[in-house]
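Dear colleague,

I am handing over the structure below, and I would be grateful if you kept it open while you read the notes that follow.

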Amino acid sequence: MKNAPIGYECPFCSVAASLPMPAPESAVILVEANVFCFVPLHHYGGLWGNCLIAPRLHYENVLEIPDNLGSDFFRATRLVAGAMREAFGCEGISTRQHNGPAGDQDVWHFHLHVFPRFRGDGLHGGNKTLYRAEERLEMAGRLRAALR
């Protein structure tokens, strides 16, 4: 399943190339040997503080990602979930992952969404909305501080 157009310039690969010292505007909150985590450009349904975990190497989707990266993703998810609870006082955590156009994938680099959750938060009915730059950086700063 290859969906990236010819000549696709992967935005996540651009961030990965800057590691371990990403630009502040990339909103990276966690850098591990094989994965990294950042606050994306969008939030959903007014639910702030969501993150993406991505591999440092390029894999388009779940059908390409090596099995051995599974533990890296679960470790990062656990760390980020703890940081979300500390930073935002959330009551729960949700994850989701999309593959292919029919699966709502819109960046052609495997990534896992991690959401802080609150009772009745409307995540599943909410629209995809851009963060303002300062909002995104504030969320990243709060999460980085909670990860320390």
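In this predicted model, F36 is buried, with a relative accessible area of 1%, and F38 also counts as buried, at 4% relative accessibility. Buried here means a relative accessible area under 20%.

Y44 and F115 form an aromatic pair of the edge-to-face kind, with 5.9 Å from centre to centre and 75 degrees between the planes. This pair links distant parts of the chain, since Y44 belongs to strand β3 (residues 42-44) and F115 to strand β6 (residues 112-117), 71 residues apart. Both Y44 and F115 are buried. Y44 has a further partner in R96, whose charged end sits over the tyrosine ring, 4.8 Å from its centre.

The count of aromatic pairs, taking rings whose centres lie within 6.5 Å, comes to five. Among them is the pair of F36 and F38, whose ring centres are 5.6 Å apart and whose planes meet at 20 degrees, so this pair is stacked, given that planes under 30 degrees apart count as stacked. F36 and F38 also belong, together with F12, to one aromatic cluster.

Turning to the surface, you will find a nonpolar patch formed by M1, V62 and L63, which together have about 300 Å² of accessible area. L63 lies in the loop between β4 (51-55) and α2 (70-88), and L63 is exposed, with a relative accessible area of 62%, where exposed means over 50%.

With best wishes

How values were computed. Residues numbered from 1 in each chain as written. Predicted model: local features only at pLDDT ≥ 70, side-chain atom pairs only at ≥ 80, totals over all residues. Heavy atoms only, no water. Phe/Tyr/Trp six-rings, centres within 6.5 Å; stacked < 30°, edge-to-face > 60°. Buried < 20%, exposed > 50% of the residue type's maximum accessible area, 1.4 Å probe, protein only. Helix = DSSP H or I, 4+ residues; strand = E, 2+ residues; numbered from the N terminus. Lys NZ or Arg CZ within 6 Å of the ring centre and 35° of its normal. Patch = residues over 30% accessible without salt bridge, like charges linked within 9 Å, V, L, I, M, F, W, Y side chains within 5 Å. Areas by Shrake-Rupley, 256 points an atom, 1.4 Å probe, with all protein chains shown as cover. Salt bridge = Lys/Arg side-chain N within 4 Å of Asp/Glu carboxyl O.
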